[in-house]
Amino acid sequence: DPHLKGPVSFSANTGEKLTEDEDPVMGSVGLDVSMNDAPTLAFPSISTSDFKFNHEKASDIIVEKAEEFVNKIKNARLVLVDLTHRSKILSLVKAKATKKNIDSNRFFTFVGDITQLYSQGGLRCNVIANVANWRLKPGGGGVNAAIFSAAGPALDVATKARAKSLLPGNSLVVPVPSTSPLFSREGVTHVIHVLGPNMNPERPNCLNNDYGTGCKILREAYTSLFESFASIIK
Ligand code: AR6
């Protein structure tokens with residue numbers, strides 16, 4: 001894959017920049033190069049920032065659901081993305097996935113902006129997930145604002161043509177119009193909007209620390225997200 005042969009490579013496990021010695025293209029790290037063209041879903045951690053969901057509980061659920069997916073769908077990759085190397089959720093997930101021996105060619109973490117994974121990070125992801133709000137509105141903050149802004153108005157139009165709202169635990173697949181820079185620059189063909197459980201009293205449908213319900217909805221959200229991804233690549 002020419003895209004991994006640029007001046008900078010990233011560890012599939014940590015997202016850290018690699019020295020030449022460690023470059024997977026050079027063969028000294030066990031990255032399965034045959035997976036570089038595999039369908040790939042990049043997703044942010046659902047609900048753990050603005051929605052204030054507990055990181056330990058969320059990381060357990062991410063690893064559980066990713067393992068399920070990896071065991072079921074063979075030729076595809078899942079990548080958990082966050083903006084900084086200091087991300088607590090990335091560290092927790094990485095440690096737990098390693099402990100469970102999940103194939104790191106099929107599920108790994110990556111540091112970068114989810115709207116620029118290919119142009120800035122050299123990582124090809126044909127599908128990205130957006131943690132939306134229930135009205136599927138552009139703007140606000142976090143990943144939702146970043147994705148709608150990077151995609152341009154075409155994504156809002158394509159989204160509204162499919163649904164007007166989203167319930168917690170559910171997802172919605174939207175093909176990215178070819179006029180969008182997300183498509184032309186990043187190679188993203190689909191955005192999957194997903195809505196997670198909310199533990200922030202300043203946002204709608206707050207669960208007031210009811211983690212019984214919260215964990216159930218977060219599991220449903222990842223199940224729905226990964227099933228939507230599977231339906232795209234079939
Ligand atoms: N690229 C990669 N990861 C990011 C980016 C980015 N550009 N921006 C944020 N993250 P959040 P939530 C990480 O707050 O907690 C939204 O406004 C971030 O560090 O976006 O589910 C929605 O519209 C964190 O790890 O989502 C909802 O109203 C993760 O993405 C509400 O916030 C999710 O952070 C949802 O809150």
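Reading a ligand pocket and its protein chain

Me: Where does the ligand sit in this structure?

Reply: The ligand sits in the largest pocket. On a 1 Å grid over the protein atoms alone, a pocket is an open set of points with protein on both sides within 12 Å along at least five of seven lines. A molecule sits in a pocket if more than half of its atoms lie within 2 Å of its grid points. The structure is a predicted model, in which local features need pLDDT of at least 70 and side-chain atom pairs count only at pLDDT 80 or more, while totals for chains, interfaces and linings use all residues. Residues are numbered from 1 along each chain as its sequence is written, and side-chain values use heavy atoms, with hydrogens and water left out.

Me: Which residues come nearest to the ligand?

Reply: A residue is near a molecule if one of its heavy atoms lies within 4 Å of it. Here 22 residues surround the ligand, and Ser47, Ser49, Asp82, Gly141 and Val143 come nearest.

Me: How many residues of each class does the shell around the ligand have?

Reply: Ala, Val, Leu, Ile, Met, Phe, Trp, Tyr, Cys and Pro count as nonpolar, Asp, Glu, Lys and Arg as charged, and the others, Gly among them, as polar. By this scheme the shell holds 10 nonpolar, 9 polar and 3 charged residues.

Me: Which element supplies the largest share of the shell around the ligand?

Reply: Elements are DSSP runs numbered from the N terminus: helices (H or I) have at least four residues and strands (E) at least two. Helix α4 gives the largest share of the shell, 4 residues. Both β2 (77-82) and α4 (142-151) supply at least two shell residues each. In the protein chain as a whole there are 7 helices and 6 strands, and from the N terminus on their order is β-α-β-α-β-α-β-α-α-β-α-β-α.

Me: What polar atoms of the protein lie at the oxygen and nitrogen atoms of the ligand?

Reply: A polar contact is a pair of N or O atoms within 3.5 Å; within protein, one must be able to donate a hydrogen and the other to accept it, and residues adjacent in sequence count only if both atoms are side-chain atoms. In the side chain of aspartate 82, an N or O atom is 2.7 Å from a ligand oxygen. A backbone N or O atom of aspartate 50 is 2.9 Å from an oxygen atom of the ligand. For a nitrogen atom of the ligand, a polar backbone atom of isoleucine 114 lies at 2.9 Å. The ligand taken alone exposes 700 Å², of which the protein buries 90%. Such areas come from the Shrake-Rupley method with a 1.4 Å probe; for residues, only the protein chains shown count as cover.

Me: Is lysine 96 buried or exposed?

Reply: Buried means under 20% relative accessible area, exposed over 50%, and partly exposed in between (1.4 Å probe, protein chains only). Lysine 96 counts as buried because its relative accessibility is 18%. This lysine 96 belongs to helix α2 (residues 88-99), and its side chain makes a polar contact of 2.9 Å with the side chain of aspartate 60. Of the 234 residues in the protein chain, 48% are buried.

Me: Where does asparagine 205 lie?

Reply: Asparagine 205 is in the loop between β6 (190-194) and α7 (211-233). Its phi is near 55°, a positive value in a residue other than glycine. Asparagine 205 is exposed, because its relative accessible area is 53%.

Note on methods: On a 1 Å grid over the protein atoms alone, a cavity is a set of points where a 1.4 Å probe fits but cannot get out, and a pocket is an open set with protein on both sides within 12 Å along at least five of seven lines; lining residues have an atom within 4 Å of a point.
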